[in-house]
Amino acid sequence: MIDLTGVSKVYPVKNGGQVVALDGVNLHVDRGSIHGIVGRSGAGKSTLIRCLTALEKPTEGHIVVDGLDLATLTGSALRAARRRIGMVFQAANLLDARTAADNIGYPLKLAGVPAAKRRARVEELLELVGLEGRGDSYPSQLSGGQRQRVGIARALADNPAVLLCDEPTSALDTESTAQILSLLRHVRDVSGVTVVIITHEMAVVREICDSVTLLGHGQVLQTGTLEEVVADPATPLARELVPMPVVESVPTESADSRFEGNAVGTVLLDVVFTSHPGVPTGATVLHLASSMGADVTAGTFESLGSVQVGRLALTVPAYHADKIIEQLRKNNVHAEVRAQ
Ligand SMILES: Nc1ncnc2c1ncn2[C@@H]1O[C@H](COP(=O)(O)OP(=O)(O)OP(=O)(O)O)[C@@H](O)[C@H]1O
Ligand SMILES: [Mg+2]
């Protein structure tokens, strides 16, 4: 549905210099999927989305959205292609002097859709986003979450094939965020629209994304379905999606019964594994750990699609650490001594 090949964007800056905002980006997003784009500030996320909206042309490369190469279109063909792309902003960016219904119908008015048809579509959209009966409200009379619902309805008015969302929930509280995310998923489920979400919140990716791309310095550092990116728990996205459990204070000594109450030194192991249906790695790890004298000090489990990712902090007797690491690695479990 969306295919970027070799996309670069170079901005000229003062004194003849240049900034490489995107550097050879290759990216594929399946039709009807929800794709997250994450990365540090300055990584190129907004530049990427501006290129996807065709507001900017890449310096190099091709951006094919719904079969059309945005980089080569001009004039009316480009305007038609843009109508296939809906945009949701961080702050809903509504027209304050117009009602919710007028805001939603605005793109249809611009597209010359007759008033009666427009009204019917607006009613349909108000219902879709859970704002039946609120069409006459002005933005100032709506909550932040409700304004964002209006923003989503407006973006969907013209039946776009793609919905691009730039930080759609970062101005909202936890409850409104959850509602907006489930609305976006609902919209995708009923309309089949392809959704691209820029976000700095990993919780958003965990909650609704089918696939995700990590950008860094304008390059794709990692991309794939959630299952794919966590398959290797040592990769940056896997670490971000399922972070290491926090261990407040690391015990350095513990009583080991095999030494008749004598204190022995302990070390902390970081252990990471993925479980798939029918392969209960978690049970294997816990069994191995307890049979080898390790204590589970902290743990996190996260289900992403059909995969479960587990991270454990194990406190183990120092003299036994190497043996335990070896045993875990034999079972395809990633284990290392946590750096102090
Ligand atoms: N119009 C421009 N002219 C010059 N440089 C630009 C322009 N737009 C972006 N850049 C530069 O391109 C790089 C990527 O910027 P971009 O805004 O895409 O990052 P971002 O990932 O969206 O960051 P943030 O999370 O802070 O929004 C940055 O170094 C930025 O300074
Ligand atoms: Mg940005």
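Is Phe301 buried, exposed or partly exposed? Phe301 is partly exposed, at 41% relative accessible area; buried means under 20%, exposed over 50% and partly exposed in between, with a 1.4 Å probe and protein chains only. We'll come back to that ring at the last stop.

Before you click around: this is a predicted model, where local features need pLDDT of at least 70 and side-chain atom pairs count only at pLDDT 80 or more, while totals for chains, interfaces and linings use all residues. Residues are numbered from 1 along each chain as its sequence is written, chains are lettered from A and ligands numbered from 1 in the order in which they are written, and side-chain values use heavy atoms, with hydrogens and water left out.

**Stop 1: ligand 1**

Select ligand 1 and show what surrounds it, taking residues with a heavy atom within 4 Å. You should get Tyr11, Val19, Ala21, Arg40, Ser41, Gly42, Ala43, Gly44, Lys45, Ser46, Thr47 and Arg50. By type, that shell splits into four nonpolar, five polar and three charged residues; Ala, Val, Leu, Ile, Met, Phe, Trp, Tyr, Cys and Pro count as nonpolar, Asp, Glu, Lys and Arg as charged, and the others, Gly among them, as polar.

Now colour by secondary structure (DSSP runs numbered from the N terminus: helices are H or I with at least four residues, strands are E with at least two). Helix α1 (45–52) and strand β2 (18–29) each give at least two residues to the shell, and α1 has the largest share, with four.

Next, look for polar contacts, meaning pairs of N or O atoms within 3.5 Å. On the ligand side, pick oxygen atoms:

- Lys45 has a polar side-chain atom 2.7 Å from one.
- Gly42 brings a backbone N or O atom to 2.8 Å.
- Ser46 places a polar side-chain atom at 2.9 Å.

Altogether, the protein covers 60% of the 640 Å² of accessible area that ligand 1 has on its own (Shrake-Rupley method, 1.4 Å probe).

**Stop 2: the open sheet**

Select β2, β1, β4 and β5: in that order they make an open sheet of four strands with antiparallel pairing, where pairing takes at least two DSSP bridges. β2 and β5 (68–69) are the edges, each pairing on one side only. Zoom in on β1 (residues 2–12) and β4 (residues 60–65), which share five bridges. There, Ile2 sits opposite Val65 of β4.

**Stop 3: the aromatic pair**

Finally, select Phe273 and Phe301. Their rings meet edge-to-face, 6.1 Å centre to centre with 65° between the planes. Rings of Phe, Tyr and Trp (its six-membered ring) pair if their centres lie within 6.5 Å, and planes under 30 degrees apart count as stacked, over 60 as edge-to-face and the rest as tilted. Phe273 belongs to β12 (residues 263–275) and Phe301 to β13 (residues 295–304), 28 residues apart. Phe273 counts as buried because its relative accessibility is 1%.

Methods: Polar contact = N/O pair within 3.5 Å; in protein donor to acceptor, adjacent residues only side chain to side chain.
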